[in-house]
Amino acid sequence: MTGSHSVGKVEQYLGRTLAGGPIHITLIDPDKSPGDRAADVARGAVDLGSHVILLGGSTGISRDVMGRAAASVKAAVKVPVVIFPEGPGSLAPEADAVLFMSLLNSRNLDLVIRTHARAAPVVRAMRLEPIPMGYLVVEPGMRVGEVGQVDVVARDDLEGAAGYALAAQFLGMRFVYLEAGSGAPAPVPTPMVTAVREAVHIPVIVGGGIRTGAEARTLLAAGASALVTGTITEEQGLGPAYRAILAEVRRARGR
Ligand code: 1GP
């Protein structure tokens with residue numbers, strides 16, 4: 001093992017794809033859509049232009065359930081299959097990569113760094129590509145805000161959000177994720193996305209509560225590099241709302 005810094009295949013793909021404009025990430029919960037059902041959703045999502053399949057999203061996904069979903073999705077689509085982890089227990093070697101993320105504004109050190117110390121050897125043994133990411137939970141934060149024991153960033157605290165994001169960049173994290181919480185009544189405020197976009201040069205991922213093409217459009221105009229949607233496909237499948245969001249991403253990419 002050398003000390004040289006290397007960028008893995010998934011991160012290279014993200015870099016290449018982001019060079020063409022903002023991207024869309026589809027979050028699938030393998031507990032709600034196990035195995036082949038996850039693969040069906042993923043196939044449809046990628047056909048509509050989604051760029052990454054993210055697996056995770058509820059509590060207590062077992063390695064087995066994650067592994068089966070990752071294997072099915074990988075067989076169905078060519079885009080990267082990435083784990084959105086809750087801890088070492090939900091990691092599975094069938095995926096391509098894991099968001100190796102610190103919950104920056106948690107009061108619980110386990111979620112900031114301690115769990116990572118336990119998970120890192122597992123990630124290496126599974127040969128999962130770790131994607132270094134700062135994860136910042138914004139009001140209301142929903143379930144992740146509670147379970148994550150988060151001091152949520154207030155919706156008008158633009159400086160606070162920008163400070164966290166810049167700290168993440170200075171710490172060497174290569175992505176920052178602004179999370180309003182899955183199922184949030186409204187996404188992260190657009191002025192906050194702009195404030196963070198102006199503060200950092202790393203890609204800004206935005207998720208939580210994105211349900212309409214209009215919301216997607218304003219977040220993209222504000223400078224979001226990637227939009228993550230999860231609930232909308234669980235509630236409505238790959239219907240008109242999902243398609244409208246994808247259409248906005250396509251438009252922002254100039255196609
Ligand atoms: C959750 O940001 C993601 O972590 C997606 O949120 O389920 O509200 O789309 P939604």
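## A cavity, a ligand and two unusual backbone spots

Student: In this predicted model, how many cavities of 30 Å³ or more are there?
Tutor: Happy to start there. A cavity is a space where a 1.4 Å probe fits but cannot get out. With the cut-off at 30 Å³ or more, the count is one cavity.

Student: How much space lies in the largest cavity, and which residues are closest to its centre?
Tutor: The volume comes to about 130 Å³. The largest cavity is lined by 15 residues, and those closest to its centre are Leu14, Ile25, Val52, Leu99 and Ile205.

Student: Which elements give two or more residues to the lining of the largest cavity?
Tutor: One helix is on the list, H1 (9-19). The others are the strands E1 (23-28), E2 (52-56), E6 (175-179) and E8 (226-229).

Student: How do the residues of that cavity lining divide into nonpolar, polar and charged?
Tutor: Let's take the classes one by one. The lining has no charged residues and no polar ones. That leaves the nonpolar class, with 15.

Student: Now for the ligand: which pocket is the space it takes, and which residues surround it?
Tutor: The ligand takes the space of the largest pocket. Around the ligand are Leu27, Phe84, Tyr177, Glu179, Ser182, Gly183, Gly207, Gly208, Gly209, Thr229, Gly230 and Thr231.

Student: How many residues of each class are in the shell around the ligand?
Tutor: Glycine counts as polar here, and the shell includes Gly183, Gly207, Gly208, Gly209 and Gly230. By class, the shell has one charged, three nonpolar and eight polar residues.

Student: Which residue has a side-chain N or O atom 2.4 Å from an oxygen atom of the ligand?
Tutor: Two glycines contribute backbone N or O atoms instead: Gly208 at 2.9 Å from a ligand oxygen and Gly209 at 2.8 Å. The side chain with an N or O atom at 2.4 Å belongs to Glu179.

Student: What share of the ligand's accessible area does the protein cover?
Tutor: On its own, the ligand has 300 Å² of accessible area. The part covered by the protein is 96%.

Student: Which peptide bond is cis?
Tutor: Look in the loop between strand E5 (129-137) and helix H5 (142-147), where Pro140 is found. With omega near 10 degrees, the cis bond runs from Glu139 to Pro140.

Student: Which residue has a positive phi although it is not a glycine?
Tutor: Try the loop between helix H4 (109-125) and E5. The residue there with a phi of about 55 degrees is Arg127.

Technical notes:
Residues numbered from 1 in each chain as written. Predicted model: local features only at pLDDT ≥ 70, side-chain atom pairs only at ≥ 80, totals over all residues. Heavy atoms only, no water. Near = heavy atom within 4 Å. Polar contact = N/O pair within 3.5 Å; in protein donor to acceptor, adjacent residues only side chain to side chain. Areas by Shrake-Rupley, 256 points an atom, 1.4 Å probe, with all protein chains shown as cover. 1 Å grid on protein atoms, 1.4 Å probe; cavity = no way out; pocket = protein on both sides within 12 Å on 5 of 7 lines; lining within 4 Å. Sits in = over half its atoms within 2 Å of the grid points. Points joined across faces, edges and corners; volume = space filled by probe spheres on them. Helix = DSSP H or I, 4+ residues; strand = E, 2+ residues; numbered from the N terminus.
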